[in-house]
Amino acid sequence: MVEAEIKRQQNIIEYVLYMFHTEDLLRSHHLNPNHITEYLIDKSEKPYKEKIELKKWYIETIENMERESIQQSGHLSDVIDVLGELSYLHTSLMNVFQDRTYIDLWEKAYPNIVDLANKTNGQTQNPIELCFNGIYGVLVLRMKKQEVSKPTLAAVETFSMLLRHLGKKYQDIREGRLRFPSSMNN
């Protein structure tokens, strides 16, 4: 099983960040399967069978990116669907479940979310997606070995804490430990 599927089953937050990175990684190789094979798969130390499985997954991902016309930017529809599910859960935790821990985390993250939305000229209004964008942006800066300011790190930590709790609740729903009130099912 490829790493993306493992992450999707075990930690939906890591899955989204992994997919953001995968999309960018594939774009950096111009969605070229030969480049992907040469630079990412052949040079890895994975067993042969895993390399074959990974190559197949990368090619399928490239084909999906091309089919969905996100060669230059944007996210796969599968990732967008997950962001939608997490956004719905966010609203539910705030309004239906009134999860006090989540609300407290939201109140800490909210000013940073607004600040990030302003810095990005409102390109994204979805607060959950903004949290992911903030975290992913810092990950990219760190990969490039660029300095990240302390205020930015503090802001991103509020995003991480919020998404961590959201991810746990998402897993609770998937595993049947959290259910919506029966009045919502009618």
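## Asp24 and Arg27 in helix H2

Asp24 is partly exposed, with a relative accessible area of 33%, in what is a predicted model. Its salt-bridge partner is Arg27, and the closest N and O atoms of this pair are 3.2 Å apart. Arg27 counts as buried at a relative accessible area of 13%, since the limit for that class is under 20%. The two residues belong to helix H2 (residues 12-28), where a spacing of 3 residues places them about one turn of the helix apart.

## Further salt bridges

The structure holds 11 salt bridges, and the pair in H2 can be set beside several others. In helix H4 (residues 48-67), Glu60 and Lys56 are 4 residues apart and are therefore separated by about one helical turn; their closest N and O atoms lie 3.9 Å apart in a salt bridge, which is still within the 4 Å cut-off. Of these two residues, Glu60 is partly exposed, with a relative accessible area of 34%, whereas Lys56 is exposed, at 53%.

Arg177 and Asp172 also meet through their side chains, with an N to O distance of 2.7 Å in the salt bridge. Here Arg177 is the exposed partner, at 53% relative accessibility, while Asp172 is buried, with a relative accessible area of 17%. Elsewhere, salt bridges link Glu3, Lys7 and Glu14 in a network. Side chains of opposite charge can pair when their charged atoms come close.

## Helix H6: span and kink

Helix H6 comprises 20 residues (residues 100-119), and the distance from its first C-alpha to its last is 29 Å, close to the 28 Å expected at 1.5 Å a residue. Within H6 there is nevertheless a kink of about 40 degrees at Ala109, which comes shortly before the proline Pro111.

## Helix H6: ends and buried residues

At the start of H6, a side-chain oxygen of Asp99 comes to within 3.1 Å of the backbone nitrogen of Thr101. Just after the helix, Asn121 adopts a positive phi of about 55 degrees.

Ala109, the site of the kink, is also one of the buried residues of H6, a group that comprises Tyr102, Ile103, Leu105, Trp106, Ala109, Ile113, Leu116 and Ala117. Among the elements that cover these buried residues are helix H5 (77-95), helix H7 (127-143) and helix H8 (150-174).

How values were computed
Residues are numbered from 1 along each chain as its sequence is written. This is a predicted model: local features need pLDDT of at least 70, side-chain atom pairs count only at pLDDT 80 or more; totals for chains, interfaces and linings use all residues. Side-chain values use heavy atoms; hydrogens and water are left out. Buried means under 20% relative accessible area, exposed over 50%, partly exposed in between (1.4 Å probe, protein chains only). The expected span of a helix is 1.5 Å times one less than its number of residues. The bend at a residue is the angle between axes fitted to the seven residues ending there and the seven starting there. Contact means heavy atoms within 4.5 Å. A polar contact is a pair of N or O atoms within 3.5 Å; within protein, one must be able to donate a hydrogen and the other to accept it, and residues adjacent in sequence count only if both atoms are side-chain atoms.
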